[in-house]
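Trainee: I would like to take a close look at one part of this structure, and I would rather have one careful, connected answer than a list of values.

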Amino acid sequence: MNIKFICVVLLFISINCYTQTKEEVYKYITQSEIKHPEIVYKQVLYETGHLKCYPCSLQHNNLLGFRLNHKHMDFDSWQDSIDYYIGWQKRRKYSEDENYYVFLKRVWGAPDMTKYVSILKNIKI
């Protein structure tokens with residue numbers, strides 16, 4: 001491979017790999033209509049490897065790992081994925097009376113929800 005080509009590809013990747021900062025994401029979540037924003041922020045950190053996992057969900061602007069037909073859903077912006085979560089909470093009929101971790105166990109759909117919830121509870125923000 002040509003070294004010039006490699007440099008161009010690396011430059012393209014570095015320009016297009018800007019992601020949001022943790023502060024930007026936290027602020028957006030806490031200022032939105034999301035219920036239990038701290039827990040949702042922990043989900044973002046977990047699902048994206050603390051906003052470092054580009055091939056996982058960041059390349060899809062999908063901060064919460066939403067999938068459709070076993071593939072990550074694509075969003076136009078990372079904010080759109082947060083906005084989608086707001087609708088997701090409403091569609092799943094979350095009630096303020098229900099413990100949010102219990103709600104997640106009931107509807108999130110990860111293979112081992114007990115482990116998932118345990119991990120979320122241990123993430124420090």
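Leaving aside its neighbours within four places in sequence, which residues is Ile125 in contact with?

Mentor: Before the answer, please note that this is a predicted model, in which local features need pLDDT of at least 70 and side-chain atom pairs count only at pLDDT 80 or more, while totals for chains, interfaces and linings use all residues. Residues are numbered from 1 along each chain as its sequence is written, and side-chain values use heavy atoms, with hydrogens and water left out.

Ile125 is in contact with Tyr26, Glu38, Tyr41, Lys42 and Leu45, once its neighbours within four places in sequence are set aside, where contact means heavy atoms within 4.5 Å. Ile125 belongs to the segment after α6; helices here are DSSP runs of H or I with at least four residues, strands are runs of E with at least two, and both are numbered from the N terminus. The C-alpha atom of Ile125 is 9.8 Å from that of Lys22, although the two residues are 103 positions apart in sequence. Despite its contacts, Ile125 counts as exposed, because its relative accessibility is 52%; the scale calls a residue buried under 20% relative accessible area, exposed over 50% and partly exposed in between, with a 1.4 Å probe and protein chains only.

To place this segment in the whole, the chain has six helices and two strands, in the order α-α-α-β-β-α-α-α. Of its 125 residues, 40% count as buried, and among contacts with a separation of 6 or more, 44% join residues 24 or more positions apart.

Helix α6 (residues 113-122) comes within 9 Å of helix α5 (residues 100-107), axis to axis, and the two cross at roughly 145 degrees. Each axis is a line fitted to C-alpha atoms, for helices over the stretch in contact, and the angle runs from 0 to 180 degrees between N-to-C directions. On the α5 side the contact involves Tyr101, Leu104 and Lys105, which meet Met113, Thr114, Val117, Leu120 and Lys121 of α6. By class this contact has five nonpolar, one polar and two charged residues, with Ala, Val, Leu, Ile, Met, Phe, Trp, Tyr, Cys and Pro counted as nonpolar, Asp, Glu, Lys and Arg as charged, and the others, Gly among them, as polar.

Leu104 and Leu120 also appear around Gln43, which touches Leu63, Leu64, Tyr85, Tyr100, Leu104, Trp108, Tyr116 and Leu120, not counting residues up to four places away in sequence. Gln43 lies in helix α3 (residues 37-47) and is buried, because its relative accessible area is 0%.

Several of these neighbours carry rings, and the structure holds 16 aromatic pairs. One of them joins Tyr85 and Trp88 in a tilted arrangement, with 5.1 Å between centres and 40 degrees between planes. Rings of Phe, Tyr and Trp (its six-membered ring) pair if their centres lie within 6.5 Å; planes under 30 degrees apart count as stacked, over 60 as edge-to-face and the rest as tilted. Tyr85 and Trp88 are three residues apart in helix α4 (residues 78-91), about one turn of the helix, and both are buried. Ring pairs join them to a cluster that includes Tyr84, Tyr100, Trp108 and Tyr116. Tyr84, likewise in helix α4, is partly exposed, because its relative accessibility is 28%; beyond residues up to four places away in sequence, Tyr84 touches Phe66, Met73, Phe75 and Arg91.

Finally, a caution about confidence, for which pLDDT is the predictor's score for each residue, from 0 to 100. The chain averages 86, and 85% of the residues score at least 70. Among its elements, helix α2 (residues 22-30) has the highest mean, 97, and helix α1 (residues 3-16) the lowest, 48. Residues 7-17 have a pLDDT below 50, and beyond near neighbours in sequence this stretch has two contacts in the model. Where pLDDT is low, the predicted coordinates should not be read in detail.
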